[in-house]
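Visitor: Could you take me on a close look at one part of this structure? I would like to hear about its pockets, and then about whatever else helps me place them.

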Amino acid sequence: MKRIAVLTSGGDASGMNAAIRSVVRVGYVRGVEIIGVYYGYRGLLTKDFHPLLPRDVSGILERGGTILRTSRVPDFKLTENQEKAIKNMKEEGIEGLIVIGGNGSQSGNLALFEKGFPTIGIASTIDNDLWGTDYTIGFDTAVNTAINAIDKIRDAAVSHGRTFIVEVMGREAGFIALDAGLAGGADFILVPEVKFDIKKITDNMREAFKKRKMHHLIVCAEGAIHARDLEKKIKEYMPNVETRVSVLGYIQRGGAPTRFDRIIASEFGQHAVDALLSGEKGKLVGIKDNKITLIPLKDAITKQKTIDKSLYKLAEEVSV
Ligand code: F6P
């Protein structure tokens, strides 16, 4: 294989640039030409192809976002678009593709693989919801950003004796909420994977008030309930409680990647290039039990990754 394309797709995640840099430089070392595809799958359709050399990826390791830009392309589900993408790549002599992204992005990747094109995925989404990998690029940075925010919000919560509801990202998964909630000392953590009971939460709050604990911190994943809706529900049970809402939003997606995200991104990039060169395809590069691993793409996107229930229980026990 002499020419490999790389693209980033879906939500940007801190560490994507570190992965691009690794793909480009490891590819160079192995004697492979790396073609950067701009704007994800859209770039495959418009032939937004640009050769990348080691110096083109200087100074990006520590930057959030993606220098290749990204997009969400719902139309990439259409067979005609998938076939066009393959045709475009073949016309330019591209023999393999590396897709850096999360669930939706890896579905597109699987479709190309199933149509006979050699592809490898790199697990990258702040949501951390790809099956078979313990971590995805961007998750660690997002969680640390959320923890920093929660630490700061706690100051106002304690000082004013208020109930703060902090909404974190996670459309279908509660990984960010659980880790940030546990590490940030939240009193309640609401995730899509676990049913919650507003009455039970407000009963607990009432008990705490009796013991002169006047503030509460609730961390909720957007996929469990939106903070404003939760606030309304709490007020139904406790009309006099003073609440405030903080939706952390996109600050979780951006910024300099943590040490962990930089390192796994560099490793994932290297393994993705080597996987393609050794004839692997239709696999996702991830990390399991501290070892870089290749997961069948189909498993990664169809199997359900669930939060660690023992960690959830721990969060409940340490918040008494
Ligand atoms: O997939 C990552 C993610 O940040 C989710 O947590 C969030 O729900 C979604 O992307 C938002 O996507 P967009 O920026 O395209 O609206």
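Guide: Happy to help; what follows starts with the pockets, moves on to the domains, and ends with one helix and two loop residues.

Please keep in mind that this is a predicted model. The largest pocket has a volume of about 750 Å³. It is lined by 31 residues, and those closest to its centre are Arg72, Asn103, Gly104, Ser105 and Arg171. Helix α4, which covers residues 103-114, gives the most to this lining, with 6 residues. If you sort the lining of the largest pocket by class, you get 14 polar, 9 charged and 8 nonpolar residues.

The domains help to place this pocket. The domain assignment of the chain gives domain 1, made of 3-138 + 257-302, and domain 2, made of 142-254. Each of these two domains supplies at least three residues to the lining of the largest pocket. The C-alpha centres of domain 1 and domain 2 are 34 Å apart. As for direct contact between them, 11 residues of domain 1 meet 11 residues of domain 2.

Now to the second largest pocket, which holds about 570 Å³ of space. Its lining has 21 residues, and nearest its centre lie Asp187, Phe188, Asn204, Glu316 and Ser319. Strand β7 (188-190) and helices α7 (198-210) and α11 (309-317) each bring at least two residues to this lining. The largest share comes from α7, with 5 residues. By class, the lining of the second largest pocket has 10 nonpolar, 8 charged and 3 polar residues.

From the pockets, let us turn to helix α9 and one of its residues. Ala265 lies in this helix, which covers residues 259-277. With 19 residues at 1.5 Å a residue, α9 should span 27 Å, and its end C-alpha atoms are 28 Å apart, so the expected and modelled spans agree. The buried residues of α9 include Phe260, Asp261, Ile264, Phe268 and Leu276, and Ala265 is among them too. Ala265 counts as buried because its relative accessibility is 0%, where the cut-off for buried is under 20%. Leaving aside residues up to four places away in sequence, Ala265 touches Gly15, Ala18, Ala19, Ser22 and Ile137. Take Ser22 as one of these: 243 residues separate it from Ala265 in sequence, yet their C-alpha atoms are 7.6 Å apart in space. After α9 comes Gly279, which has a positive phi near 90 degrees.

Positive phi values bring us to two residues that are not glycine. Tyr39 has a phi near 60 degrees, and it sits in the loop between β2 (33-37) and α2 (40-46). Its relative accessibility is 32%, so Tyr39 counts as partly exposed. Lys47, also not a glycine, has a positive phi of about 60 degrees. Lys47 lies in the loop between α2 and β3 (49-52). At 30% relative accessibility, Lys47 counts as partly exposed.

Conventions: Residues numbered from 1 in each chain as written. Predicted model: local features only at pLDDT ≥ 70, side-chain atom pairs only at ≥ 80, totals over all residues. Heavy atoms only, no water. 1 Å grid on protein atoms, 1.4 Å probe; cavity = no way out; pocket = protein on both sides within 12 Å on 5 of 7 lines; lining within 4 Å. Points joined across faces, edges and corners; volume = space filled by probe spheres on them. Helix = DSSP H or I, 4+ residues; strand = E, 2+ residues; numbered from the N terminus. Nonpolar A, V, L, I, M, F, W, Y, C, P; charged D, E, K, R; others polar. Domains from an automatic or database assignment. Buried < 20%, exposed > 50% of the residue type's maximum accessible area, 1.4 Å probe, protein only. Contact = heavy atoms within 4.5 Å. Expected span 1.5 Å × (residues − 1).
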